[in-house]
Amino acid sequence: MAAAASVSVRFHPAARCCAGRRSRHLSAVIRAQSAPAAAAALTQDDLKRLAAVRAVEQVQSGMVLGLGTGSTAAFAVAEIGALLASGKLSGIVGVPTSKRTFEQAQSLGIPLSTLDDHPRIDLAIDGADEVVDPDLNLVKGRGGALLREKMVEAASDKFIVVVDETKLVTGLGGSGLAMPVEVVQFCWKYNQVRLQELFNEEGCEAKLRLDEGGKPYVTDNSNYIVDIYFKTPIKDALAAGKEISALEGVVEHGLFLDMATSVIIAGTDGVSVKTK
């Protein structure tokens, strides 16, 4: 598998001018960087917005777009809606990856469809919970939309991932945060135990995800999620994905392997683009 190529872009006057024409939000962020010390004032949301707006620059009129789920993807959806409203884009059809993305896109006037009617997608833009070089493998789904995200992004000719620099890890599972597995409600505890046993060597802990009311979190597909927390990074993500998928009752897992075509990373020093 080819290693990822990296192109770094630091902020400079010409870039600020060009990017500013695409988005009022981006202009405001970049204007704040007129002094070197101002870069430290960028919030995580500022960085997410920068990455999202850079990704939307790849969108062309007439495209069918996969619309991701999560805080970073929401900035991309908002930018697409703004460009449609201004007339800079036209003929866009969006395929949302969750009910909340559907609601956001609908409120912005983005025409929407499904994979049933548009089984081939030109470009998908989505965030990620963890990103690993050089293969651009990902952990996704902490927002609970992993099944629909994976379906839409697998159907896409290009899949652009947008993240801020905090999402970079040296190995999947290395953040110590959840790697989600969507399971059917029937005998969910049985699968929770099997998932824990599957990764005993990694010292993992498998927990049923709960909602704010303390009840089992239910996905848009009426399933549960078992979150796996690793103490050490996954040694072989490809093998791990196959073993998880082989368990009866497992619907999908949050390892997105060999799917991303590029990753846009926003940091306090600028924006970098990694491609295969």
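Select Ala-52 to start: at a relative accessible area of 0%, Ala-52 is buried. The model on screen is predicted, and Ala-52 sits in helix 3, which covers residues 44–56. Show whatever Ala-52 touches beyond four places in sequence, and Thr-72, Phe-75, Ala-76 and Val-162 appear. Then add Asp-164: its C-alpha is 9.6 Å from that of Ala-52, although 112 residues separate the two in sequence.

**The whole chain**

Zoom out before going on. The protein has eight helices and 14 strands. Of its 276 residues, 50% are buried. Among contacts with a separation of 6 or more, 75% join residues 24 or more positions apart.

**Helix 3 against helix 4**

Select helix 3 together with helix 4. Their axes come within 8 Å and cross at roughly 50°. Helix 3 and helix 4 therefore count as oblique to each other, since the angle does not fall under 35 degrees or in the range 65 to 115. The crossing of this pair is right-handed.

Now display the side chains where the two helices meet. Helix 3 brings Asp-45, Lys-48, Arg-49, Ala-52, Val-53 and Val-56. Helix 4 brings Ser-71, Thr-72, Phe-75, Ala-76, Glu-79, Ile-80 and Leu-83. Coloured by class, the contact of helix 3 with helix 4 shows seven nonpolar, two polar and four charged residues.

**Helix 4 against helix 5**

Keep helix 4 (residues 71–86) and swap helix 3 for helix 5 (residues 99–107); this pair packs at an angle of about 25°, with the axes 9 Å apart. Helix 4 and helix 5 are therefore roughly parallel to each other, the cut-off for that term being under 35 degrees. Their crossing is right-handed. Which residues make the contact? From helix 4, pick Ala-74, Val-77 and Ala-78; from helix 5, pick Thr-101, Gln-104 and Ala-105. By class, the contact of helix 4 with helix 5 has four nonpolar residues, two polar and no charged.

**Strand 7, at Val-161**

Move to strand 7, residues 156–164, and select Val-161 within it. Is Val-161 buried or exposed? Val-161 counts as buried, its relative accessibility being 0%. Set aside residues up to four places away in sequence, and Val-161 touches Asp-126, Gly-127, Ala-128, Leu-138, Ala-260, Ser-262, Val-263 and Ile-264. For a distance label, use Gly-68: it is 93 residues from Val-161 along the chain, with 9.4 Å between the C-alpha atoms.

**The loop before strand 13**

Next select Thr-261, in the loop that runs between strand 12 (255–256) and strand 13 (262–267). With 31% relative accessibility, Thr-261 counts as partly exposed. Leaving out neighbours within four places in sequence, its contacts include Asp-157, Lys-158, Phe-159 and Ile-160. Leu-136, Lys-274, Thr-275 and Lys-276 are also in contact with Thr-261. Asp-135 is 126 residues away from Thr-261 in sequence, yet the C-alpha atoms of the two are 9.5 Å apart.

**Leu-136 and Asn-137**

From Thr-261, step to its contact Leu-136. Leu-136 lies in the loop between strand 5 (130–132) and strand 6. Check its backbone torsions: phi is positive, about 60°, and Leu-136 is not a glycine. Leu-136 is buried, at a relative accessible area of 0%.

Now select Asn-137, in strand 6 (residues 137–139). Asn-137 has a relative accessible area of 16% and is therefore buried, the limit being under 20%. Where does its side chain point a polar atom? A polar atom of the Asn-137 side chain lies 2.8 Å from the backbone nitrogen of Asp-258. Beyond four places in sequence, Asn-137 is in contact with Glu-130, Val-131, Val-132, Leu-172, Phe-256, Leu-257 and Asp-258.

**Last stop: Cys-187**

Finish in the loop between strand 8 (178–183) and helix 7 (188–198), where Cys-187 is placed. Cys-187 is not a glycine either, and its phi is positive at about 55°. Buried or partly exposed? Cys-187 is partly exposed, with a relative accessible area of 42%. For a side-by-side view, select Leu-136 again, which has a positive phi of about 60° and is buried.

Definitions and conventions
Residues numbered from 1 in each chain as written. Predicted model: local features only at pLDDT ≥ 70, side-chain atom pairs only at ≥ 80, totals over all residues. Heavy atoms only, no water. Axes fitted to C-alpha atoms, helices over the stretch in contact; angles between N-to-C directions. Helix = DSSP H or I, 4+ residues; strand = E, 2+ residues; numbered from the N terminus. Parallel < 35°, antiparallel > 145°, perpendicular 65-115°, else oblique. Left-handed = near helix turned anticlockwise from the far one by under 90°. Contact = heavy atoms within 4.5 Å. Nonpolar A, V, L, I, M, F, W, Y, C, P; charged D, E, K, R; others polar. Buried < 20%, exposed > 50% of the residue type's maximum accessible area, 1.4 Å probe, protein only. Polar contact = N/O pair within 3.5 Å; in protein donor to acceptor, adjacent residues only side chain to side chain.
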